[in-house]
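I open this notebook to record, entry by entry, what I look up in the structure shown below.

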Protein chains: 2
Amino acid sequence: MVAQAPIRLLIVDDQALVRGALGALLDLEADLQTVGAAADADEAVQQAIELAPDVCLMDIQMPGDDGILATKRVREASPSTKVLVVTTFARPGYLRAALEAGAGGFIVKDAPPEQLADAVRRVHAGLRVVDPALAEASLFEGANPLTERERQVLRLAGDGHSAATIAAEVFLSAGTVRNHLSAAIGKTGAGNRAEAARIARDKGWI
Amino acid sequence: MVAQAPIRLLIVDDQALVRGALGALLDLEADLQTVGAAADADEAVQQAIELAPDVCLMDIQMPGDDGILATKRVREASPSTKVLVVTTFARPGYLRAALEAGAGGFIVKDAPPEQLADAVRRVHAGLRVVDPALAEASLFEGANPLTERERQVLRLAGDGHSAATIAAEVFLSAGTVRNHLSAAIGKTGAGNRAEAARIARDKGWI
DNA sequence: AGCCGAACATGACAATCGTCATGCGCGAGA
DNA sequence: TCTCGCGCATGACGATTGTCATGTTCGGCT
């Protein structure tokens, strides 16, 4: 039997150490070969065009465009490249957003290392790879219940901005800002804006 | 020349994928050998005793006891083991706390992969390894200005608890809690408790 | 002993926040 | 077409928060 051409990989993660370590781990597999590495969305898109890799490993948390948006851009730039999203946080909102952005798989960094190579192979074969526990949580949690305005003001409130400050930034009256926050507090089941922001972040809603 | 005995490593990180990936990266070096892996502080201490590794790679963010406390416990359990703290966040407070806990080095995950093996060798040789930029920041930021009470109430406030709730948890009057929070707000230069909590977390003060 | 500063504790007062009632505009379905 | 529901916007009202003046305790220093 003739040896198959290896699956060519592009690794995207803002942390250099993680890029190198994942590369080392995957290069141990005979049928996988790391051909590129990128630290942000722009580099990722450029390398996807130049290298047309078979699979792109994508971390979600990055400075600038996040991994979700980067996934969408990579898929547009190189449709033959499958994207496997690898993330630290098992947030249902992330899973949903990643799949909608065109990701072929979603795996958390808690997963055993042996599973990673398998996930890459499955994604390359066109299969959907999703952590079962996370898929269930996503179903249970349901979709993001927050409206655009609510997300917008809640993000700012979570950073400690006052209602008046937020009102000035989004061109609303302070009362309206408080009202949107109140709605967000109700939908998250929180008792105040700080807790609401924390919960929404936990679930990947903002 | 006779081959040196390899440097024996214990890797501590709550994320299985990262443990495996770091292990793969370091095992590429001829003079380094991964002999153990642990997912939390308890496992780390147990393995330090059983294996007496030369160097322990320690992540800071972990469930249960954090990496700082784990460092202290590993040093006590196996004094011959040097600890190299590896963290995602370059927070000056973390650096100071890690060194006080007995860490021999502190490196962030942004660092280039080649640097990691070198850092391990230096720590093993008994040298201090610290990211220069971070050391400067630590000097500039100074020590944690918050008192014990201020840290305590600010942590709870950051999770969205109200003054009354916090008061009940720490056995103080609501007014006293507000007063401690006010002090913390002043020391962090924030405008309210939420921002104060965010800033304090950023700097590794809570 | 006497003094001093730091951490901690408390209640009064003004500013800000969370909730509610109310209204507008717009797309979906009867 | 006429509702109905939803997102959005606003101001009034009670609840919570942030600040300030004040007081207590405790260790260090002269």
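The entries that follow go from the two chains to the two DNA strands and end with a single residue.

**Entry 1: the model and its copies.** I note at the outset that this is a predicted model. I began by asking how chain B can be laid on chain A, and I found that a turn of 180 degrees with a shift of 0.0 Å along the axis does it, with an RMSD of 0.1 Å. The two copies are thus related as by a two-fold rotation axis. Looking for the residue of chain B that comes closest to this axis, I arrived at Ala21(B), whose C-alpha is at 2.3 Å. I also looked up the interface, where 100% of the interface residues of chain B are interface residues in chain A as well, so the copies meet through the same surface.

**Entry 2: domains of chain A.** I find chain A divided into domain 1, which covers 7-141, and domain 2, which covers 148-202. Between the C-alpha centres of these two domains of chain A I read a separation of 32 Å.

**Entry 3: DNA strand C.** Which residues come nearest to DNA strand C? Of the 16 residues around the strand, I list Arg178(A), Ser182(A), Arg193(A), Thr147(B) and Thr176(B) as the nearest. Of the atoms of DNA strand C that come within 4 Å of the protein, sugar and phosphate account for 59%. I then went through individual polar contacts, and noted that Thr147(B) has a polar side-chain atom 2.6 Å from a phosphate oxygen of DNA strand C. Bases are approached too: a polar side-chain atom of Asn179(A) lies 3.0 Å from a base nitrogen of DNA strand C, and one of Asn179(B) lies 2.9 Å from a base oxygen of this strand. The elements that give two or more residues to the surface near DNA strand C are α9 of chain A and α9 of chain B, and α9(B) gives the most, with five residues. By residue type, I record two nonpolar, ten polar and four charged residues on this surface.

**Entry 4: DNA strand D.** I repeated the search for DNA strand D, which is surrounded by 16 residues, the closest being Thr147(A), Thr176(A), Asn179(A), Ser182(B) and Arg193(B). Here sugar and phosphate make up 62% of the strand's atoms that come within 4 Å of the protein. Two phosphate contacts went into my list: a side-chain N or O atom of Arg193(B) is 2.4 Å from a phosphate oxygen of DNA strand D, and a polar backbone atom of Ala163(B) is 3.3 Å from a phosphate oxygen of the strand. For the bases, I noted that a side-chain N or O atom of Asn179(A) is 2.9 Å from a base oxygen of DNA strand D. Two or more residues of the surface near DNA strand D come from each of α9 (174-188) of chain A and α9 (174-188) of chain B, with the largest share, five residues, coming from α9(A). This surface divides into two nonpolar, ten polar and four charged residues.

**Entry 5: Gln15(B).** Last, I asked whether Gln15(B) is buried or exposed. Gln15(B) sits in the loop between β1 (7-12) and α1 (16-27) of chain B, and its relative accessibility is 8%. Since buried means under 20%, I enter Gln15(B) as buried. Setting aside neighbours within four places in sequence, I find Gln15(B) in contact with Thr88(A), Lys109(A) and Asp110(A).

Key:
Residues numbered from 1 in each chain as written. Chains lettered and ligands numbered in written order. Predicted model: local features only at pLDDT ≥ 70, side-chain atom pairs only at ≥ 80, totals over all residues. Heavy atoms only, no water. Helix = DSSP H or I, 4+ residues; strand = E, 2+ residues; numbered from the N terminus. Buried < 20%, exposed > 50% of the residue type's maximum accessible area, 1.4 Å probe, protein only. Contact = heavy atoms within 4.5 Å. Near = heavy atom within 4 Å. Polar contact = N/O pair within 3.5 Å; in protein donor to acceptor, adjacent residues only side chain to side chain. Nonpolar A, V, L, I, M, F, W, Y, C, P; charged D, E, K, R; others polar. Domains from an automatic or database assignment. Least-squares fit on C-alpha atoms with pLDDT ≥ 70 in both.
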